[in-house]
Amino acid sequence: MKKKILVSRLYPKEGIRLLEKENFHLTLWEEKRPMTQVELIEKAKSHHALLCTLTEKIDSHFLTQCSHLEIISQFAVGYDNIDIDAATGFGIPVGFTPDAMSEATADIAFGLMIAVARKMFFLHKTIINGRWGYFNPTGNLGFELKDKTLGIFGLGRIGVKMAKRCKNAYDMDIIYHNRTRNKEAEKLLDATYLGFDDLLLKSDVLSVHCALTPETKEIFNRSAFKKMKPSAIFINTARGPIHNEKDLSSAISSGEIWGTGLDVTNPEPMQPDNALLFMENACVLPHVGSGTQEARNQMSVLAAMNIIEFYRNKQVPHIVNPEVLAH
Ligand code: DGY
């Protein structure tokens with residue numbers, strides 16, 4: 001019998017073509033909007049496998065209804081939309097797409113850092129609003145990044161690429177905090193491991209590259225921002241709920257930190273009247289870190305290969321819960 005694969009969004013064709021070449025029956029959801037959870041459950045019930053992404057809530061309710069699924073393949077490196085424990089409990093392997101978007105996401109973190117230091121988004125808006133005025137010798141001043149200290153929270157694949165960019169472009173000193181030390185990256189970047197509080201105290205730019213977990217949820221809150229330098233920039237391109245957005249807003253408006261660059265917000269989407277969007281030193285993007293043709297194509301290939309290899313060889317090349325296949 002042909003395996004039926006439910007494809008939850010319009011993914012890049014590269015990966016879809018690979019699936020089409022196999023002996024699968026594909027159901028493609030072709031609307032631009034994601035399915036509601038009711039629609040997703042309804043459809044998933046008649047399929048063997050699901051290709052999904054962060055817009056789909058694969059929680060214990062979904063998994064209880066769809067425990068028959070043979071594999072879930074996530075088009076993303078992050079998988080906080082999926083209850084991994086529940087999937088593992090039902091024996092469902094979960095694939096993901098690590099590293100495909102590391103360069104693209106590091107570019108966005110690096111770009112946001114410069115944009116905040118030079119108030120770029122705000123100054124762009126002054127032109128649109130007819131307030132360019134005259135060249136102002138003492139106005140619109142940002143600061144330079146040369147020789148500053150970059151703090152990385154989560155020195156993994158993306159964090160290393162951000163750190164390399166900062167070291168090469170501005171000779172920045174690299175400090176970091178991780179659950180476990182990354183000795184290889186320490187050598188590569190001459191990076192120094194610090195405790196979380198020291199990272200907060202010493203970073204001129206603090207860039208978040210960790211996963212969202214119960215331990216990292218809102219770890220950047222009022223008390224964390226209070227420990228940072230008043231001149232510091234906070235960058236988050238990982239997951240919005242790692243910071244508390246009200247606390248972040250207040251930290252900037254009260255001068256506890258200089259500014260922020262966000263590609264992820266808490267919640268998403270950010271509402272258009274959010275105070276951060278009107279601040280001189282805040283630059284916000286709508287979760288586009290992986291938004292390059294190269295990254296998205298490669299993500300679609302990895303997500304497809306996770307399904308293909310599972311049905312060919314009972315292996316998932318990039319798997320979140322390998323213990324499921326070990327049994
Ligand atoms: C990811 O991969 O987790 C990004 O947030 C979306 O590409």
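This is a short tour of a predicted model, stop by stop, with residues to select and what you will find at each.

**Stop 1: the ligand**

Start by selecting the ligand and the residues that surround it: Leu-54, Ala-76, Val-77, Gly-78, Met-101, Arg-239, His-287, Ser-290 and Met-299. Then turn to the ligand's oxygen atoms. Which residue places a backbone N or O atom 2.7 Å from one of them? That is Val-77. Now show the side chains of His-287 and Ser-290. A polar side-chain atom of His-287 lies 2.7 Å from an oxygen atom of the ligand, and for Ser-290 the distance from a polar side-chain atom to a ligand oxygen is 2.6 Å.

**Stop 2: Ile-58**

Next, pick Ile-58, which you will find in the loop between strand E3 (49–52) and helix H3 (60–65). Is Ile-58 buried or exposed? Its relative accessible area is 0%, so Ile-58 is buried. To see what is around this side chain, select its contacts beyond the neighbours within four places in sequence: Leu-40, Leu-50, Cys-52, Leu-63, Ile-72, Asn-81, Ile-82 and Asp-83. If you would like a ruler for the whole view, draw a line from the C-alpha of Ile-58 to the C-alpha of Gly-151: the two are 33 Å apart in space and 93 residues apart in sequence.

**Stop 3: salt bridges**

Now colour the charged side chains. How many salt bridges does the model hold? The count is 15, and three of them make good stops.

Begin with Glu-39 and Arg-33, whose closest N and O atoms are 2.9 Å apart in a salt bridge. Glu-39 has 25% relative accessibility and therefore counts as partly exposed; Arg-33, at 34%, is partly exposed too.

Move on to Asp-107 and Arg-165, which form a salt bridge with an N to O distance of 2.8 Å. This pair ties together distant parts of the chain, since Asp-107 sits in helix H5 (residues 102–117) and Arg-165 in helix H7 (residues 157–170), 58 residues apart. Asp-107 counts as partly exposed at 42% relative accessibility, whereas Arg-165 counts as buried at 18%.

The third pair is Arg-181 and Glu-186, with side chains meeting in a salt bridge at 2.9 Å, N to O. Here the arginine, Arg-181, is partly exposed at 48% relative accessibility, while Glu-186 is buried at 14%.

Before leaving, go back to Asp-107 and Arg-165 and add Glu-103 and Lys-161 to the selection: salt bridges that share partners join these four residues into one network.

**Stop 4: Glu-309**

Jump to Glu-309 in helix H12 (residues 293–313). This glutamate has a relative accessible area of 16%, so it counts as buried. Show the side chain of Asn-313 as well, and you can trace a polar contact of 2.7 Å between the two side chains. Setting aside residues up to four places away in sequence, Glu-309 also touches Lys-314, Gln-315 and Pro-317.

**Stop 5: aromatic rings**

Switch your display to the aromatic side chains, where the structure holds 13 aromatic pairs. Select Phe-143 and Trp-258, an edge-to-face pair with 5.2 Å from centre to centre and 70° between the planes. The two residues come from distant parts of the chain, 115 residues apart: Phe-143 is in the loop between helix H6 (120–128) and strand E6 (149–153), and Trp-258 is in the loop between helix H11 (245–253) and strand E11 (259–262). Both Phe-143 and Trp-258 are buried.

Now try Phe-220 and Phe-234. How are these rings arranged? They are tilted, with centres 5.0 Å apart and 50° between the planes. Phe-220 belongs to the loop between strand E9 (205–208) and helix H10 (222–227), and Phe-234 to strand E10 (residues 233–236). Phe-220 is buried at a relative accessible area of 0%, and Phe-234 is likewise buried at 0%. Widen the selection to include Phe-153, Phe-196 and Phe-225, and you will see ring pairs linking them with Phe-220 and Phe-234 into a cluster.

**Last stop: a lysine over a ring**

Finish by selecting Lys-125 and Phe-278. Lys-125 lies over the face of the Phe-278 ring, at 5.9 Å from the ring centre.

Methods. Residues numbered from 1 in each chain as written. Predicted model: local features only at pLDDT ≥ 70, side-chain atom pairs only at ≥ 80, totals over all residues. Heavy atoms only, no water. Buried < 20%, exposed > 50% of the residue type's maximum accessible area, 1.4 Å probe, protein only. Helix = DSSP H or I, 4+ residues; strand = E, 2+ residues; numbered from the N terminus. Polar contact = N/O pair within 3.5 Å; in protein donor to acceptor, adjacent residues only side chain to side chain. Contact = heavy atoms within 4.5 Å. Phe/Tyr/Trp six-rings, centres within 6.5 Å; stacked < 30°, edge-to-face > 60°. Lys NZ or Arg CZ within 6 Å of the ring centre and 35° of its normal. Near = heavy atom within 4 Å.
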